[in-house]
Amino acid sequence: MFASNYVRVNKASKAEPKDIILKYCLWILRGLIIFTLLSVFFPTFNPARISGNISYQISLFTSMLSYNDVTFKLLRAFDNGWIDESIFIYLSISCAIIVIGVILCLIGAIMSLGNTRMKKFGLRFPLAGAFTVYLGHIGIYICFKLLQKSKNLDIAKPVFPSNFYYFIVMASLILVFTVICLILLRNKPDELEMKIQEKFSLFLYFTPIIFLTFLFSYMPLWGWRYAFYEYQAGEPLTKFVGLKWFKFFVQNAAYSQQLLLVLRNTFIMSGLGIATSWLPIVFAIFLNEIKHIRFKKFVQTFTTIPNFISWVLVYAVAFAIFNTDGFLNDFLELFGVHKNVNYLDDPRGIWFKMLLWGIWKGLGWSAIIYIAGIASIDQQLYESAMIDGAGRFQRMWYITVPGLMPTYSVLLLLSIAGILSNGMEQYLVFSNNENMEKIQVLDLYVYNLVFGHSATYTNIPISTVVSMSKSLVSMVLLFSVNALSKVFRDGESII
């Protein structure tokens, strides 16, 4: 009897070959859809480049979203009637149709994480999405044929897209695997209602964060390829030069000397920021000690608001106060002091000026995480300390401060790892010819290489080299401080 029960349980626990095939087909289908979705954002896979006047740096998503970016070289041709503008309107619509098809496929991929009933219903979306992608490509092909009939082919420059068939192939693969999954699901019994397993639903909540992180943090790394090419803005990457720009930057004395000055400014500003990183924790502790609720909320709001003011507006206020004709000089004249000094242009003490502006703008915002940390400390500790006769400052020193140290340690280590990243906006708006030598940090230097007065086409690869090196050094610092964290914090790490 026990043996027969064991056999039945063992057979029931074994997955049938059909279920195994279905499982792998579903994961392949999801992978194809995710890869197709990511391809929408890469210029390499854009099937809408039907003219030589369309930039090689435009993705399918941009072709759909920004009509001006697609046609900015053809405005004169539209005005003179050499090219029918409606061709490119239809082209943008066709791109939008392809993107809609990819989104439909994505909806199907998400619903395929549910139970059998949801899978059967959700797999209809990839079917519709694949045919929608085909429809968009038909539209692009028609636009290409119409462009070939333009009055001025020298201006139109019709070119059949080299990646025209990429999305067609991906849509075909999605279609094939969708049909296979539907066939395998055909005889499976349906549940009463559609639902997704809890583990998948929690993952889906986190998916937007993963997508945005990839879009804004990892996808820009695709631009590192400019460091290995002869590149001019708007032109395709054709001439591979290897490590030429790395060698050029090291061997060129002018660039090397300038980089040393920039690194000096960067390390000083970051060092001052790290040296004053304890100020938000002190502010949070004293703010927490305010017993009057309304006054406490007012102080917290008043000190947090500057974080949401742009640096351009901050500079406008600073200009009105510290300029030659500003409030400070007018105020001093009331006491017979006629200095007429432009305090913003004065390079003396510029590092401390930038530090004070940064503290004023970010102190309240930086304290929020410590205020949340204080709220998580066990209140029984404070009650026990009061019973033992501990005063307010003793409770702050022996309970609040140790309770916030783990949070402070993590943020401090991350600050050390990002010591080469000071941001750019603050230093850009406050920079001028007088203080540039001391205010130009690494991020501003990379910006000035590309968009500054002395920028040339060669500066784009060089700026990429600097930015790429900065990222690699930051990664090394991150893992180094993580190793130190394990040594000094009893095996605790930040990653």
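**Exercise 1. Tyr 141 and its patch**

Task: Classify Tyr 141 as buried, partly exposed or exposed, then place it in its helix and its surface patch.

Solution, for this predicted model:
- Step 1. The relative accessibility of Tyr 141 is 36%.
- Step 2. Buried means under 20% and exposed means over 50%. Tyr 141 therefore counts as partly exposed.
- Step 3. The residue sits in helix 8, which spans residues 124–148.
- Step 4. Tyr 141 joins Phe 160, Tyr 165, Val 169 and Leu 173 in a nonpolar surface patch. The patch covers about 450 Å².

**Exercise 2. Two helix axes**

Task: State how helix 18 and helix 19 are oriented to each other, and which residues make the contact.

Solution:
- Step 1. Helix 18 covers residues 350–366, and helix 19 covers residues 368–375.
- Step 2. Their axes come within 5 Å and cross at roughly 25°.
- Step 3. Angles under 35 degrees count as roughly parallel, so helix 18 is roughly parallel to helix 19.
- Step 4. Helix 18 contributes Gly 364, Trp 365 and Ser 366 to the contact. From helix 19 come Ile 368, Ile 369 and Tyr 370.

**Exercise 3. The buried side of helix 14**

Task: List the buried residues of helix 14 and name the helices they pack against.

Solution:
- Step 1. Helix 14 runs over residues 279–288.
- Step 2. Its buried residues are Pro 280, Ile 281, Phe 283, Ala 284, Ile 285 and Leu 287.
- Step 3. Recall the helical repeat: an α-helix has 3.6 residues a turn, so residues three or four places apart point the same way.
- Step 4. The buried residues pack against helix 15 (293–304), helix 18, helix 19 and helix 21 (392–417).

**Exercise 4. Salt bridges**

Task: How many salt bridges are there, and which parts of the chain do the pairs of Lys 244, Arg 392 and Lys 470 link?

Solution:
- Step 1. Apply the cut-off: a side-chain nitrogen of Lys or Arg within 4 Å of a carboxyl oxygen of Asp or Glu. The count comes to five salt bridges.
- Step 2. Lys 244 and Glu 230 meet at 2.5 Å, N to O. Lys 244 is in helix 12 (residues 244–251) and Glu 230 in strand 1 (residues 229–230), 14 residues apart. At 36% relative accessibility Lys 244 is partly exposed. Glu 230, at 18%, is buried.
- Step 3. Arg 392 and Glu 289 meet at 3.4 Å, N to O. This pair links helix 21, which holds Arg 392, to the loop between helix 14 and helix 15, which holds Glu 289. The separation is 103 residues. Arg 392 is partly exposed at 40%, while Glu 289 is buried at 14%.
- Step 4. For Lys 470 and Asp 443, the closest N and O atoms are 2.6 Å apart. Lys 470 lies in helix 25 (residues 459–488) and Asp 443 in helix 24 (residues 442–451), so the pair ties together parts 27 residues apart in sequence. Both Lys 470 and Asp 443 are buried.

**Exercise 5. Two buried residues**

Task: Decide whether Lys 119 and Leu 449 are buried or exposed, then describe their surroundings.

Solution:
- Step 1. Lys 119 has a relative accessible area of 15%, so it is buried.
- Step 2. Lys 119 belongs to helix 7, residues 116–122.
- Step 3. Leaving out residues up to four places away in sequence, Lys 119 touches Leu 26, Arg 30, Met 111, Ser 112, Gly 114 and Leu 185.
- Step 4. Leu 449 has a relative accessible area of 6%, so it is buried. Leu 449 is located in helix 24.
- Step 5. Leu 449 and Leu 259 are 190 residues apart along the chain, and their C-alpha atoms are separated by 11 Å.

Key:
Residues numbered from 1 in each chain as written. Predicted model: local features only at pLDDT ≥ 70, side-chain atom pairs only at ≥ 80, totals over all residues. Heavy atoms only, no water. Patch = residues over 30% accessible without salt bridge, like charges linked within 9 Å, V, L, I, M, F, W, Y side chains within 5 Å. Areas by Shrake-Rupley, 256 points an atom, 1.4 Å probe, with all protein chains shown as cover. Helix = DSSP H or I, 4+ residues; strand = E, 2+ residues; numbered from the N terminus. Buried < 20%, exposed > 50% of the residue type's maximum accessible area, 1.4 Å probe, protein only. Axes fitted to C-alpha atoms, helices over the stretch in contact; angles between N-to-C directions. Parallel < 35°, antiparallel > 145°, perpendicular 65-115°, else oblique. Contact = heavy atoms within 4.5 Å.
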